[in-house]
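Here are my notes for you to read with the model open beside them. Take the points in order, and look for each residue as it comes up.

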Amino acid sequence: MPDIPFFDAVGFFAHKIEEVEQQLIAKKAEREILLANQASLERTLATLALLSPDHQKAIQQEVASLKEVLHSTERALASLESDIEMLTAKLAALQIAQEMLHVEGSS
């Protein structure tokens, strides 16, 4: 018997769907953490803005640093949203293909 691997289409789709679902779960969890961080940073900056001008001047370096972290968080969130959209579309395509395979196989 030749040593040729057998390609299992059903297994391929099941594996790929599971893989994409796991990636999607991880990206969504990361997004939730970043959203919580963003809200916390915004609250912190809003609180610091309530300080007197003298106090604000004393911590302007920290405020600038927090603003940069907020901007970085916003950029990461935008990137994650793009990744989540792509993975969602990929998952839908794989699931449709899997269904087509099942329909084709039952004909």
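1. **Vocabulary and ground rules.** Helices (H or I, at least four residues) and strands (E, at least two) are DSSP runs, numbered from the N terminus. You are looking at a predicted model, where local features need pLDDT of at least 70 and side-chain atom pairs count only at pLDDT 80 or more, while totals for chains, interfaces and linings use all residues. Residues are numbered from 1 along each chain as its sequence is written, and side-chain values use heavy atoms, with hydrogens and water left out.

2. **The overall layout.** The protein has three helices and zero strands. Starting from the N terminus, its elements go α-α-α.

3. **How far to trust it.** pLDDT is the predictor's confidence in each residue, from 0 to 100. The average here is 94, and 96% of the residues score at least 70. Confidence is highest in α1, at 97, and lowest in α3, at a mean of 94. As a habit for other models: where pLDDT is low, the predicted coordinates should not be read in detail.

4. **Not a ball.** The radius of gyration is taken over C-alpha atoms, and the globule rule is 2.2 Å times the number of residues to the power 0.38. For 107 residues, a compact globule would come out near 13 Å, but this protein has 24 Å. Its C-alpha atoms fill a box of roughly 80 × 30 × 15 Å along the principal axes.

5. **Checking the length of α1.** How many Å should the 41 residues of helix α1 span? The expected span of a helix is 1.5 Å times one less than its number of residues. For α1 (residues 9–49) that gives 60 Å, and the end C-alpha atoms are 59 Å apart, so the two agree. Just at the start of α1, a side-chain oxygen of D8 comes to within 3.3 Å of the backbone nitrogen of V10. That is a polar contact: a pair of N or O atoms within 3.5 Å, where within protein one must be able to donate a hydrogen and the other to accept it, and residues adjacent in sequence count only if both atoms are side-chain atoms.

6. **What is tucked away.** Buried means under 20% relative accessible area, exposed over 50%, and partly exposed in between (1.4 Å probe, protein chains only). Buried residues make up 18% of the 107 in the protein. In α1, the buried ones are F13, I17, V20, L24, R31, L34, Q38, L41 and L45. When you look at that list, remember that an α-helix has 3.6 residues a turn, so residues three or four places apart point the same way.

7. **The nonpolar core.** A nonpolar core is a set of buried Ala, Val, Leu, Ile, Met, Phe, Trp, Tyr and Cys residues joined through side-chain atoms within 4.5 Å. The largest one has eight residues: F13, I17, V20, L24, I84, L87, L91 and L94. Helices α1 and α3 (60–106) each supply at least two residues of this core.

8. **Around F13 and Q98.** Contact means heavy atoms within 4.5 Å. Not counting residues up to four places away in sequence, F13 touches L94, A97, Q98 and L101. Q98 sits in helix α3, and is it buried or exposed? Q98 is buried, because its relative accessible area is 18%. Leaving aside its neighbours within four places, Q98 is in contact with F13, A14 and I17.

9. **Around T73.** T73 is also part of helix α3, and at 8% relative accessibility T73 is buried. Its side chain reaches the backbone oxygen of V69 at 2.8 Å. Beyond its neighbours within four places, T73 is in contact with L34, Q38 and L41.

10. **Sequence distance against space.** Among contacts between residues at least 6 apart in sequence, 81% join residues at least 24 apart. Take D83, in helix α3: D83 and K28 are 55 residues apart in sequence and 9.6 Å apart in space, C-alpha to C-alpha. I4, in the segment before α1, is exposed at 66% relative accessibility. I4 and A64 are 60 residues apart in sequence and 61 Å apart in space, C-alpha to C-alpha.
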